[in-house]
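Visitor: I would like to go through this structure with some questions. Please show it to me.

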Amino acid sequence: MKKSYLLIATGIFGMLLLFAGINHRPNLPYGMTNGTPEIKSITSLAFGPTGVLFIGDSQNATVIAIDTKDVKVVKTAKAFDLKNVDVKIADALGTTKENISINDIAVNPISKQLYIAVKSADGTPVLLVLTADNEFKTVSLKDINFSSVALNNAPAEDAKDRRGRPLRISSISDLGYADGKLLVSGLSNKEFSSSFRSIKFPFTGKQDDESTLEMYHASHGRYETTSPVRTFSTTTISGKKYVVASYTCTPLVLFAMDDLKPGITAKGRTIAEMGNQNTPADMIWLKSNGQQFLVMANDNRPAAKVSYQDIEKFEGSLTEKVATTAGVNFTALPYQKVLQLDKLDDNRAVIVQRKANGEVDLWTSDGKNI
Amino acid sequence: MAKIYKINILQSAKLYVKYSLAFFLMAILCCCNQDSGNITLVYHDHSAVGISIPKSIVSSPLDLGSIKVSRSIDKSGTAMLGEFVEEKGQVIFRPLIPLTPGLLYTIYENEKPIGEIEVPFPKGEKAPLLDAIYPESDTLPANLLKFYFQFSKQMQTGKSLDHVSLLDERGDTLNHIFLNLQPELWDSTGKILTIWIDPGRIKRDLVLNKKYGNPLVQNSKYQLVVSGKWKDRFGISLTKNYHKVFVATSPDIVMPNIDSWQIKRPKANTLEPLTIDVNDKMDHLLLKESIIVLNELGVQLEGRVEVTKDRCWKFYPAKTWQSEHYQLKVDTRLEDLAANNLNRLFDRDLTKQKNLNNLMYLTKTFEVKD
């Protein structure tokens, strides 16, 4: 009898040892693995849940989610103010301002630190963080927790376009995160087409969790294009979630997120046409005097804002002929050549702007001036 | 005589062993002690990716935290971001991006300069060339959407529009004619750039199109200029300015049609090329990759494709043609110069083309005879 107990105990120990051997890795958040992701370019940034930063790598047609572990809560964000930010970044990288470009910026909504994607003239990507003390630090991309999703290699039929083939993205124009989904808009360097992808996060690689869509919109109800989306944001109107997309051919279009389903051609409602060369390169929602505004930045023209109420009220689509910019009213802001824009908090934006004298400054709005 | 000869051989052998030992000892010493006292550059793939600092010029014991590198011209002495490591008896500084040719760098220990080094321009590197501009034709539709620029080397990116301009007949530069997309649309090799003419001006019935018309005016002559100041990723400029002169013709608002293709059939048992005149000016890159040839068994033929004059597609088979029927399988994503593809127009007139074609491929059969 004693011998059988001993045998059972030995067996249990053996099993425990076996499982201890298999399950030796700590559980990483969001299904991530630890290692060094292959990142060839950093062209877009967007924050997801709890310090997760999505990095759009256009050259690899991949989005990498990294755990920044930058989760120390800062309730009142200090304003960023750094003149000649391009010169200062170039100094920190040991080169001249002509040899770098600022590809994107993203404020960590938890820590309020500013993440900056920089590319050197030879194409080397760099991810920096600007602390509240205006100090640049390197964000290491070695031995980190990450997961990734390849955009051109659709996992299954459902994740292909409605004619059943993978989309070809050569550049990621924008990234966003809403309702547990990563949203990606892409451009092709060859065909003129719209590709918008919705991917459940954490990434599962399953076909049901990814959908690729073609988004059509018409001008004045007549000429329809599947033009690429340049930038987008999300909002809720009357309890329904929407994507507000800005197209390379100028219209501002609303898509109901419920309509973004695989295999269905999504048709958008054009709510405004922007002026000449005024396709926004960035857009964010800000509050001012109790009202919400969609603030749009452009590197050629003044930044502009549209009232949420105007968008909400605009029931129809642009169907009538108009002489100037049409649809919802937008107000031009006294800020030209805004190169980058992100939201610091509900009321303030962080802005990278090329000034009239050619200098590039980083500054923060005061909650009233935008 | 034989004895003396034997002694000589023995003496020579002794000397050989002595000199060999001395040689190996010196070689080992050289390998072990790379500290020549000079600051040197570390190269990878023709780029200076690090600075090697001999330990003999830094204090002992070594404190990596006390060393910094800065651009010599940077009077504030901003510490460059990067990592210091000890390697083979040297202190190696690896900056985040390659060091810039032509710049001077200073190494500091405890804020005191201990040496400096200049990064030379690469020797023996050939200057980059602009191999081709597509489309090749000298008459282009007024609603032309894009140009491709094909270089011999990877170029500096991010400020491409500073180097490309379109001049009218008077030689005046047309402002804001191209869409400033960031990131730019480079192909995966980093050698082919796509630049779009502002689609907001091209799409029919948009405010911009109605107010200003197409960016290109029918029957007008233009000159596309690429500046010789554009540098490759090593900082070497193009050798000259490049020009392309063309005349704008009537807008192309007709979908390309494969029924109008003229096929020049090769003879059986030869390696003659299959030549197709696609009867429309097409997108060079898409035309090159959108057509495949299948044999009677449905197997794709191997071979080389050549596209000339925007409309002539030639296929050089790897094996001789057989006397049988072949099939051309054409991807419907193939676009003409105004981005009309085989399924739809760039801007589909909903009153005329009510149903969108939904085909993935179109096919066309031809017969090869003796």
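Visitor: How many bridges join β16(A) to β17(A)?
Guide: This is a predicted model. In it, β16 covers residues 229-237 of chain A and β17 covers residues 240-247. The two strands run antiparallel, and T235(A) in one stands opposite Y242(A) in the other. The number of bridges joining them is 8.

Visitor: Which residue in the turn between β16(A) and β17(A) has a positive phi?
Guide: The two strands form a hairpin, with 2 residues between them. A phi of about 50 degrees belongs to one residue of that turn, S238(A).

Visitor: Which residue of β24(A) does A304(A) stand opposite?
Guide: A304(A) is in β23(A), where it is the bridge partner of M296(A). Strand β23 (residues 304-307) pairs with β22 (residues 291-297) in the antiparallel sense over 4 bridges. β23(A) is also joined by 3 bridges to β24 (residues 330-332), again antiparallel. In β24(A), the residue opposite A304(A) is A332(A).

Visitor: How many strands does chain A have?
Guide: The strands discussed so far, including β16(A) and β17(A), are part of a longer list. The secondary structure of chain A comes to 3 helices, and the strands number 27.

Visitor: How many residues does domain 2 of chain A give to the contact with domain 1?
Guide: Chain A is divided into domain 1, residues 37-150, and domain 2, residues 152-333. The contact between them takes 14 residues from domain 1. From domain 2 it takes 16 residues.

Visitor: How many residues are charged on the side of domain 1 of chain A that touches domain 2?
Guide: On this side, β2 (44-47), β3 (52-57), β4 (62-67) and β9 (144-150) of chain A each supply at least two residues. The residues there include 8 nonpolar and 6 polar. As for charged residues, there are none.

Visitor: Which residues touch the most other members of the largest nonpolar core?
Guide: The core has 149 residues. One of the two residues asked for has contacts with F54(A), I55(A), L175(A) and V184(A), among others, not counting residues up to four places away in sequence. The two are V63(A) and V295(A).

Visitor: What share of the residues in chain A is buried?
Guide: A residue counts as buried if 20 or more other C-beta atoms lie within 10 Å of its own. Chain A has 370 residues, and the buried share is 49%.

Visitor: What share of the contacts in chain A with a separation of 6 or more comes from residues 24 or more positions apart?
Guide: Contacts with a separation of 6 or more form the total here. Residues 24 or more positions apart account for 53%.

Note on methods:
Residues numbered from 1 in each chain as written. Chains lettered and ligands numbered in written order. Predicted model: local features only at pLDDT ≥ 70, side-chain atom pairs only at ≥ 80, totals over all residues. Pairing = 2+ DSSP bridges. Domains from an automatic or database assignment. Contact = placed C-beta atoms within 7 Å. Nonpolar A, V, L, I, M, F, W, Y, C, P; charged D, E, K, R; others polar. Buried ≥ 20, exposed ≤ 12 C-beta atoms within 10 Å, placed from the backbone. Core = buried A, V, L, I, M, F, W, Y, C linked by C-beta atoms within 7 Å.
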